[in-house]
Amino acid sequence: MSKEIRTEAVNQLFEGIMTLENIEECYAFFADICTINELLSLSQRFEVAKMLRDKRTYLEISEQTGASTATISRVNRSLNYGRDGYELVFKRIEPSEE
């Protein structure tokens, strides 16, 4: 498989994900498409990103999530130099402060 992320197969996957309507549908789909470890790794990265955003230390993050410093560093790089995907999602799931 090519290293390019923008492929027809990835487009189809994302289109499929966008059809999911609730948490239960997400659980069903992701349980089928991912191994338990893959899903736990994705959720761990998301938790690490939230903690980095809250200015938690690598040590705190590692102790609370079990993530390696390599994983924490990779997520930190994505937060600082990525495409703002984490930030986009965080803004959408945070309660409105109106």
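Among the contacts in the protein chain between residues at least 6 apart in sequence, 39% join residues at least 24 apart, and I should say at once that this figure, like everything else I will show, comes from a predicted model. The chain has 98 residues, of which 11% count as buried, and its C-alpha trace spans about 40 × 35 × 25 Å along the principal axes. As for secondary structure, there are six helices and zero strands, so that is the order you will read from the N terminus on: α-α-α-α-α-α.Let me take helix 3 and its two partners, beginning with helix 6. Helix 3, residues 36-53, and helix 6, residues 85-93, pack at an angle of about 80°, and their axes are 11 Å apart. An angle of 65 to 115 degrees counts as roughly perpendicular, and that makes helix 3 roughly perpendicular to helix 6. On the side of helix 3 the contact is made by Arg 45, Phe 46, Ala 49, Lys 50 and Arg 53, while helix 6 brings Tyr 86, Glu 87, Val 89, Phe 90 and Ile 93. Sorted by class, this contact of helix 3 with helix 6 has six nonpolar and four charged residues, with no polar ones.

Which aromatic residues form one cluster? They are Phe 46, Tyr 86 and Phe 90, and the count for the model comes to three aromatic pairs, two of which I will describe. Phe 46 and Phe 90 form a tilted pair, 5.0 Å centre to centre and with 40° between the planes. This pair links distant parts of the chain, given that Phe 46 sits in helix 3 and Phe 90 in helix 6, 44 residues apart. Is each of these two rings buried or exposed? Phe 46 is partly exposed, with a relative accessible area of 27%, whereas Phe 90, at 2% relative accessibility, counts as buried, the cut-off for buried being under 20%. The other pair joins Tyr 86 and Phe 90, and it is stacked, with 6.1 Å centre to centre and 15° between the planes. Here both residues lie in helix 6, four residues apart, which is about one turn of the helix.

Turning to the other partner, helix 3 and helix 4 pack at an angle of about 145°, with 10 Å between their axes, and their crossing is right-handed. In this contact Gln 44, Glu 47, Val 48, Met 51 and Leu 52 of helix 3 meet Tyr 58, Glu 60, Ile 61, Gln 64 and Thr 65 of helix 4. By class, the contact of helix 3 with helix 4 has five nonpolar, three polar and two charged residues.

Helix 4 brings us to the remaining packing on my list, that with helix 5. The axes of helix 4, residues 58-65, and helix 5, residues 69-81, come within 10 Å and cross at roughly 115°, and helix 4 passes helix 5 in a right-handed crossing. Which residues make the contact between these two helices? From helix 4 there are Tyr 58, Ile 61 and Ser 62, and from helix 5 there are Thr 69, Ile 72, Ser 73 and Asn 76. The contact of helix 4 with helix 5 has three nonpolar and four polar residues, and no charged ones.

If you go back to the structure after this, I would begin with Phe 90, which takes part in the contact between helix 3 and helix 6 and belongs to the aromatic cluster with Phe 46 and Tyr 86.

Notes
Residues numbered from 1 in each chain as written. Predicted model: local features only at pLDDT ≥ 70, side-chain atom pairs only at ≥ 80, totals over all residues. Heavy atoms only, no water. Axes fitted to C-alpha atoms, helices over the stretch in contact; angles between N-to-C directions. Parallel < 35°, antiparallel > 145°, perpendicular 65-115°, else oblique. Contact = heavy atoms within 4.5 Å. Nonpolar A, V, L, I, M, F, W, Y, C, P; charged D, E, K, R; others polar. Phe/Tyr/Trp six-rings, centres within 6.5 Å; stacked < 30°, edge-to-face > 60°. Buried < 20%, exposed > 50% of the residue type's maximum accessible area, 1.4 Å probe, protein only. Left-handed = near helix turned anticlockwise from the far one by under 90°.
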